[in-house]
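Colleague: Could you take me on a close tour of one part of this protein? I would like to follow a single strand, its partners and the core around it.

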Amino acid sequence: LSHIQAATRGNEMATVNIVEYGLSLRLLEEYTLVDQVVAYSAADQCGLELGDILEQIDGQATEPRLAQVVAAIQGKEGSTCQLQVLKHTGVQEILQLWRIASNFQALLLEQIGIWVQRNPDGTIVVSRVLDDEAARYSGQCAVGDVIDSI
């Protein structure tokens, strides 16, 4: 599962990054929380935002286990899945996620070693700098930096 990066707590994953769709999820008690959305990714394009709670995937209630949530989200390239989310604003919405890998995020992650996300004001910021990657070694890229252009 090279495209999935996970942090574990005990035997259960606490967070999971679905790199190809630009999405990071976190399990909080019985909720699956959107922990990060990468700018220009499939997750960003469908309308997922930081703080949203996934309630259903393709009409099925989300399980309180991230492995099952990831399996439900992943599918054939080019297909879609329907996500029922409780937005961070308190409004419930149905979103359609196109299962299309994000070449933009893959480039940033593999070549530079950073994750980026879109803030509510529309700015693109560095949200994570990976250890042992070019961005960390250069010392010129930090979490919170605004990306003006690439």
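Modeller: Happy to; what follows starts with the whole chain, then turns to strand 5 and its surroundings.

Please keep in mind that this is a predicted model. The protein chain has four helices and ten strands, and from the N terminus on the order of its elements is β-β-β-β-α-β-β-α-β-β-α-β-β-α. Of its 150 residues, 41% count as buried. The chain exposes about 8300 Å², with carbon and sulfur atoms supplying 49% of that area. Among contacts with a separation of 6 or more, 41% are between residues 24 or more positions apart.

Now to strand 5, which spans residues 53-57. Let us go through its partners in turn. Strand 4 runs antiparallel to strand 5, and two bridges join them. Here Leu33 has Ile53 of strand 5 as its bridge partner. Strand 7 is also antiparallel to strand 5, this time with four bridges. Strand 6 is another antiparallel partner of strand 5, joined to it by two bridges.

Gln56 is a good residue to pause at. Opposite Gln56 in strand 7 stands Gln84, while Ala61 stands opposite Gln56 in strand 6. From Gln84 you can step onward, since Gln84 also stands opposite Ile94 in strand 8. That step belongs to the antiparallel pairing of strand 7 with strand 8, which has seven bridges.

Two of these pairings are hairpins, and both are worth a look at the turn. Between strand 5 and strand 6 there are two residues, and Asp58 in that turn has a positive phi of about 50°. The hairpin of strand 7 and strand 8 has five residues between the strands, and Gly90 in its turn shows a positive phi of about 95°.

Just past strand 6 comes Thr62, in the loop that leads from strand 6 (60-61) to helix 2 (66-73). Is Thr62 buried or exposed? Its relative accessible area is 17%, and a residue under 20% counts as buried, so Thr62 is buried. The side chain of Thr62 reaches back to strand 5 territory, with the backbone oxygen of Leu54 at 3.1 Å. Beyond its neighbours within four places in sequence, Thr62 is in contact with Thr32, Leu54, Glu55, Gln56, Ile57 and Val69.

Leu54 takes us into the interior. The largest nonpolar core has 23 residues, and those touching the most other members are Leu23, Leu25, Leu48, Leu54, Ile73, Leu83 and Leu97. At least two residues of this core come from each of strand 2 (12-18), strand 3 (23-28), strand 4 (31-37), helix 1 (42-46), strand 5, helix 2, strand 7 (80-86) and strand 8 (92-98). Helix 2 gives the most to this core, namely four residues. A second, separate core has eleven residues, among them Val19, Ala39, Trp115 and Val129.

Ile73 shows how helix 2 meets the strands. Setting aside residues within four places in sequence, Ile73 is in contact with Ile18, Tyr21, Leu23, Leu25, Leu54, Ile57, Cys81, Leu97 and Arg99. Two of these contacts, Leu54 and Ile57, bring us back to strand 5.

Cys81, another contact of Ile73, has a relative accessibility of 1% and therefore counts as buried. What about disulfides? The count comes to zero. Cys81 is in none, and the nearest cysteine sulfur, which belongs to Cys46, is 7.8 Å away.

Next to Ile73 in the numbering is Gln74, in the loop between helix 2 and strand 7. Gln74 has a relative accessible area of 22%, so it is partly exposed. The C-alpha atoms of Gln74 and Ile18 are 8.7 Å apart, although their positions lie 56 residues apart in sequence terms.

To end, a short stop away from strand 5. Arg136 sits in helix 4 (residues 134-138) and counts as partly exposed, at 42% relative accessibility. Not counting residues up to four places away in sequence, Arg136 touches Val129, Leu130 and Asp131. Val129 is one of the residues of the second core. The C-alpha atoms of Arg136 and Ile114 are 8.7 Å apart, with the two residues 22 apart along the chain.

Terms used
Residues numbered from 1 in each chain as written. Predicted model: local features only at pLDDT ≥ 70, side-chain atom pairs only at ≥ 80, totals over all residues. Heavy atoms only, no water. Buried < 20%, exposed > 50% of the residue type's maximum accessible area, 1.4 Å probe, protein only. Polar contact = N/O pair within 3.5 Å; in protein donor to acceptor, adjacent residues only side chain to side chain. Contact = heavy atoms within 4.5 Å. Core = buried A, V, L, I, M, F, W, Y, C linked by side-chain atoms within 4.5 Å. Pairing = 2+ DSSP bridges. Disulfide = S-S within 2.5 Å. Areas by Shrake-Rupley, 256 points an atom, 1.4 Å probe, with all protein chains shown as cover.
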